[in-house]
Amino acid sequence: MIKSMTGYGKAESALENGKLTIEFRSVNGKSADISIKSSLLPKEHEMEIRKRLADRLQRGSIDMFITWEPNVAESAKQINTELALEYYRQIRDFEVAAGMNGAGDGEILPIIMRMPEIIDTRKQDVITADNWPVVSAAIDQALDAICAYRATEGIALHKDVSSRVQNILDLYNEVESHEAERITAVRERITKTAEELSIKLDPERFEQEMIFYLEKLDINEEKVRLRQHCKYFMDTLDGEPFPGKKLGFIIQEMGRE
């Protein structure tokens, strides 16, 4: 059964410090054009994931999104307590050395909080070697979801294109029923035109020319090829898992006939 190249899949994974969300979105494309729109995926796993996507999805313009929602405690900024205390001691020592009246702690605290590196903003790795198996499983779940979406879309596509091919075959049969009528109509039109122009036709020569003319109008060869193309189209549609490129070529040939 064919699959659409349009799809969406999503999966979530609960990690120790928050929730990771994996999303895939795909639209039509000539090949597997994969774009990972996140900096959370470790570089050492990027090639592995790209290969996994290409193997499962085959074709399409595919976007991968990874979003991270930390727990409340994890999202809070950390104060570098040791550094803050060192700033506090230095400020007090400076006041004593300068003979200044000691400022209250309430006045010193805002100054210390504006000092460099007091707020720890170091970026923590969300995806690590320890939680990678869980993340990898979530990626597979999201892939399963987008594949299921594409399969559902594929059923609708199969119904649509197969009905169109059947319509061509129905019209094909209708054309055959008009073959004899078409030849008679051509003969009558030529005879009538000759009469209107007062042209006297030699019966023997006329029949020879008619045979030559009707041979040019014969479409039997085109009809045979068209029927064969339609059969090949349906066989490919039902017999190959990823027939898109081949079907495109067959459609071109059907159009020519």
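The buried residues of helix 1 are covered by elements that include strand 2 (18-27), strand 3 (32-36), strand 4 (60-70) and helix 5 (132-177); covering here is contact, meaning heavy atoms within 4.5 Å. Helices (H or I, at least four residues) and strands (E, at least two) are DSSP runs, numbered from the N terminus.

A word on the model itself. It is predicted, so local features need pLDDT of at least 70 and side-chain atom pairs count only at pLDDT 80 or more, while totals for chains, interfaces and linings use all residues. Residues are numbered from 1 along each chain as its sequence is written, and side-chain values use heavy atoms, with hydrogens and water left out.

**Helix 1 and the loop after it**

Helix 1 takes in residues 43-57, 15 residues in total, and its first and last C-alpha atoms are 21 Å apart, close to the 21 Å expected at 1.5 Å a residue. That expected span is 1.5 Å times one less than the number of residues.

Which residues of helix 1 are buried? They are H45, I49, R52, L53 and L57. Seen down the axis of helix 1, the buried residues fall within an arc of 100°, so they line one face of the helix. The arc is that of the directions from the helix axis to the C-beta atoms. Flip to the other side of helix 1 and you find E44, M47 and K51, which are exposed. For the cut-offs, buried means under 20% relative accessible area, exposed over 50%, and partly exposed in between (1.4 Å probe, protein chains only).

K51 has a relative accessible area of 54%. Its C-alpha atom is separated by 9.9 Å from that of A32, with the two residues 19 apart along the chain.

Just after helix 1 comes Q58, in the loop between helix 1 and strand 4. Q58 has a positive phi of about 65° although it is not a glycine. With a relative accessible area of 33%, Q58 is partly exposed.

**How the helices pack**

Two packed helices are described by the angle between their axes and the distance between the axes. Here the axes are lines fitted to C-alpha atoms, for helices over the stretch in contact, and angles run from 0 to 180 degrees between N-to-C directions. Here are three pairs with their values.

| Helix pair | Angle | Axis distance |
|---|---|---|
| Helix 1 and helix 5 | roughly 25° | within 11 Å |
| Helix 5 and helix 8 | about 160° | 11 Å |
| Helix 8 and helix 9 | about 165° | 9 Å |

As for the labels, angles under 35 degrees count as roughly parallel, over 145 as roughly antiparallel, 65 to 115 as roughly perpendicular and the rest as oblique. A crossing is left-handed if the near helix is turned anticlockwise from the far one by less than a right angle, and right-handed if clockwise.

Helix 1 and helix 5 are roughly parallel to each other, and their crossing is right-handed. From helix 1, the residues in contact are H45, E48, I49, R52, L53, R56 and L57, and they meet W132, S136, I139, D140, L143, D144, I146, C147 and R150 in helix 5.

Helix 5 also carries A148, which is partly exposed at 43% relative accessibility. The C-alpha atoms of A148 and K3 are separated by 9.0 Å, and these residues are 145 apart along the chain.

How does helix 5 sit against helix 8 (residues 220-239), with an angle of about 160° and axes 11 Å apart? That geometry makes the two roughly antiparallel, and the crossing is left-handed. Helix 5 residues in this contact include H158, V161, V165, L169 and Y172, while those of helix 8 include K223, L226, C230, F233 and L237.

**Helix 8 and its other neighbour**

Helix 8 has 20 residues that should span 28 Å at 1.5 Å a residue, which agrees with its end C-alpha atoms being 28 Å apart. K223, L226, H229, C230, F233, T236 and L237 are its buried residues. They cover an arc of only 155° around the axis, which puts them on the same side of helix 8.

Helix 9 (residues 244-256) is the partner in the last table row. Helix 8 and helix 9 are roughly antiparallel to each other, with a left-handed crossing. On the helix 8 side the contact is made by L226, H229, C230, Y232, F233, T236 and L237, and on the helix 9 side by K246, L247, I250, I251, E253 and M254.
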